[in-house]
Amino acid sequence: MSREAVLSIKSIETFYGPVMAVRGVSLEVRAGEIVAILGGNGAGKTTILKTVSGALEPRKGSVTFEGRDITGRYPDSIARAGMGHVPEGRELFPLLSVRENLEMGAFSRRDRGEISASMDLVYSYFPDLKPKTKVQAAYLSGGQQQMLAIGRSLMMKPRLMLLDEPSLGLSPLLVSEIFDILDRLNKEQGTAILLVEQNAHMALKVASCGCVMEAGRVVFEGDREKLLGSADIREFYLGRKSEGARGKRRWKQRKTWR
Amino acid sequence: MTDFLQLLIVGISQGCIYGLIALGFVLIYKATEMVNFAQGEMMVVGSFIAWTFVVGMGFNFWVGLSAAMVVMAVFGFLLDAAVVRRIIGQPQFSVVILTIGIGIILRAGSGMVWGNQPLTMPTPFPGNSEFFGAVVGNERLAIIGTTVLLIGGLVLFFRCSRWGVALMASSQNQLAALYSGIPVRFVFSAVWAGAAVISTIAGTMLAPITLIEPLNSFLGIKAFAAAVIGGFHSITGAIAGGVLIGVVEAFAGAYLPGARETIGYIIMFAVLIAWPGGLFGRAHRKKV
């Protein structure tokens with residue numbers, strides 16, 4: 001636990017117009033660590049990622065990346081500082097080829113040799129993309145699009161990657177493939193990852209710690225064992241019913257954490 | 001036959017001018033989803049500035065044109081960076097009014113600075129050339145040549161240069177471009193600069209033929225029609241739309257004298273009825 005924090009979020013509050021989507025959240029991601037944010041729809045998970053990467057500006061609180069305050073900076077300058085954001089729904093450049101998409105990920109880097117080394121690296125993690133180099137991104141399958149989105153982000157050699165629901169709309173097999181790759185990336189490249197997921201089961205396989213959000217607040221946090229051990233999480237996110245004749249009543253009691 | 005050829009070449013060269021201005025519309029629209037109704041006025045201001053360098057200060061035509069291109073590039077860049085960018089996120093209607101307003105300011109302003117009398121510009125391409133009996137002014141041919149070179153350069157830029165691909169990326173998915181570290185705001189301002197430069201080239205190449213006056217900005221409306229015909233999406237579409245209008249106009253001028261000024265819009269409506277997406281419209285719709 002002595003490793004330094006790559007990212008530290010201090011009590012941020014983010015609004016969509018008058019609606020407060022994130023109500024004072026603090027989080028830390030340490031070097032080489034995978035942190036998962038779990039929670040249902042509308043809990044504010046995506047908003048946190050968007051606030052961190054600069055697409056939204058927090059009304060209060062601060063975001064620090066590698067010791068520098070990046071609150072309110074523009075997303076492109078935050079990306080150039082070494083933070084990759086793989087947004088929800090992939091967000092590729094649909095009419096550009098796979099290769100061009102990857103090249104755009106490396107836009108801020110200059111050294112051609114290093115860029116092509118990164119490209120080889122991406123193809124080694126995602127061999128499915130290799131034969132599609134010249135295909136327009138719009139014609140890839142959902143899984144390949146997700147791989148391309150992650151690959152594009154890898155091209156900037158990020159020290160921290162924000163991943164927003166990488167499992168969205170993918171078959172269980174592909175989901176576990178993607179998570180395996182994330183795990184490898186984290187171990188082999190040392191990239192810290194902040195992961196937003198609804199699929200808690202998968203997320204907790206790779207994450208070393210995480211938190212659960214509800215209605216804009218963090219309601220539960222801890223390391224993997226603590227999260228996996230929590231009866232609430234087991235019930236609501238991992239889908240394992242606790243035994244006992246009065247299970248239904250228990251469910252009602254535990255519906256809220258506050 | 002010689003009449004036909006002559007009208008065709010004159011029409012194509014006039015159409016190239018429409019096409020180049022239309023290109024400005026298309027570039028800005030594709031990148032920023034704004035229609036810059038001041039495109040014609042930018043052309044006029046650009047040609048006035050070139051006139052100042054060439055006639056007023058006595059520079060060589062090419063030096064004057066290059067200097068005017070630099071001035072207009074800075075102008076276009078700053079126009080976006082200081083004014084237009086602030087309206088992002090407002091309804092389309094505000095954007096339309098803003099650019100129309102900028103156009104009126106530019107037209108009135110250029111009238112105040114350079115006067116409303118037509119100014120003459122010397123041509124670096126004197127004389128005529130003959131093709132199979134058709135006699136065409138060399139400055140007309142120069143317009144066609146310049147357009148071809150310019151289009152070639154632009155296509156190369158979009159295919160091969162990092163910044164060209166970054167521009168396409170920014171126009172296809174702004175958020176993803178930002179997340180990839182592309183300085184999207186700079187890219188968009190650069191597009192405005194590029195559109196201003198292209199219309200300066202168009203205006204200055206045309207200046208020896210039509211003279212320069214603030215009223216020339218109405219060419220911008222025809223160029224808009226050309227862009228619509230071309231589908232508002234591609235370089236090819238813009239130039240093809242421009243050439244189509246130019247050629248039909250030239251023939252209408254000879255055979256249907258009353259229809260010369262309206263025929264371009266009639267074609268635009270006919271195209272829109274037959275192909276609502278324009279001649280070069282794309283099947284691939286942008287996700288919003």
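A residue counts as buried here when its relative accessible area is under 20%. Keep that cut-off in mind, since it comes back at several stops on this tour. The model you're looking at is predicted.

Let's use the cut-off right away, on helix 6 of chain B, residues 162–172. Eight of its 11 residues fall on the buried side, so this helix is largely enclosed by the rest of the structure. If you want to find them, the buried ones are G164(B), V165(B), A166(B), L167(B), A169(B), S170(B), S171(B) and Q172(B). What sits on top of them? The cover includes four helices of chain B, namely helix 1 (2–32), helix 5 (138–160), helix 7 (174–179) and helix 8 (184–210), and also helix 3 (98–105) of chain A.

That last one takes us over to the other chain. Helix 3 of chain A has six buried residues out of eight, so it too is largely enclosed by the rest of the structure. V98(A), E100(A), N101(A), L102(A), M104(A) and G105(A) are the buried ones. They pack against helix 4 (112–125) and helix 5 of chain A, and against helix 6 of chain B.

G105(A) turns up again in the lining of a cavity. The structure has three cavities of 30 Å³ or more, and the largest has a volume of about 50 Å³. Both chains line that largest cavity: H85(A), G105(A), A149(A), R152(A), S153(A) and M156(A) from one, Y179(B) and S180(B) from the other. Helix 5 of chain A, residues 142–154, gives the largest share of the lining, with three residues.

Now zoom out to chain A as a whole. Its 258 residues are 53% buried, and it contains 10 helices and 10 strands. Among its contacts with a separation of 6 or more, 65% join residues 24 or more positions apart. About 12,000 Å² of chain A is exposed, with carbon and sulfur atoms supplying 49% of that area.

The strands of chain A include an open sheet of six, in the order 6-7-8-3-9-10, with mixed pairing. Strand 6 (83–86) and strand 10 are at its edges; each has a single partner strand, so one side of each is left without a neighbour in the sheet. From one strand to the next, the twist averages 15°.

Inside this sheet, strand 3 (residues 34–39) and strand 8 (residues 192–197) of chain A run parallel and are joined by five bridges. One place to spot the pairing is I34(A), whose bridge partner in strand 8 is I193(A). Helix 6 of chain A (residues 172–189) packs on the sheet here, touching strand 3, strand 7 and strand 8, and its direction makes about 155° with that of strand 8. Helix 5 of chain A, which you met at the cavity, lies across strand 6 and strand 7 (160–164), running at about 170° to strand 6.

Next, follow the sheet to strand 9 (residues 209–214) and strand 10 (residues 217–223) of chain A, which run antiparallel and are joined by six bridges. C209(A) stands opposite D223(A) in strand 10. The two strands form a hairpin with two residues between them, and A215(A) takes a positive phi near 50° in it.

Chain A has an open sheet of four strands as well, with the order 2-1-4-5 and antiparallel pairing. Here strand 2 (19–30) and strand 5 (68–69) are the edge strands, each with a single partner strand, so one side of each is left without a neighbour in the sheet. Strand 4 (residues 60–65) pairs with strand 5 over two bridges, and T64(A) stands opposite D69(A). Helix 1 of chain A (residues 45–53) lies across strand 1 (5–16), strand 2 and strand 4, at about 115° to strand 1.

To finish, go back to chain B for one more hairpin. Strand 1 (residues 128–131) and strand 2 (residues 134–137) of chain B pair in the antiparallel sense over four bridges, and E130(B) stands opposite V135(B). Two residues lie between the strands, and in this hairpin F132(B) takes a positive phi near 45°.

Conventions:
Residues numbered from 1 in each chain as written. Chains lettered and ligands numbered in written order. Predicted model: local features only at pLDDT ≥ 70, side-chain atom pairs only at ≥ 80, totals over all residues. Heavy atoms only, no water. Pairing = 2+ DSSP bridges. Contact = heavy atoms within 4.5 Å. Axes fitted to C-alpha atoms, helices over the stretch in contact; angles between N-to-C directions. Buried < 20%, exposed > 50% of the residue type's maximum accessible area, 1.4 Å probe, protein only. Areas by Shrake-Rupley, 256 points an atom, 1.4 Å probe, with all protein chains shown as cover. 1 Å grid on protein atoms, 1.4 Å probe; cavity = no way out; pocket = protein on both sides within 12 Å on 5 of 7 lines; lining within 4 Å. Points joined across faces, edges and corners; volume = space filled by probe spheres on them.
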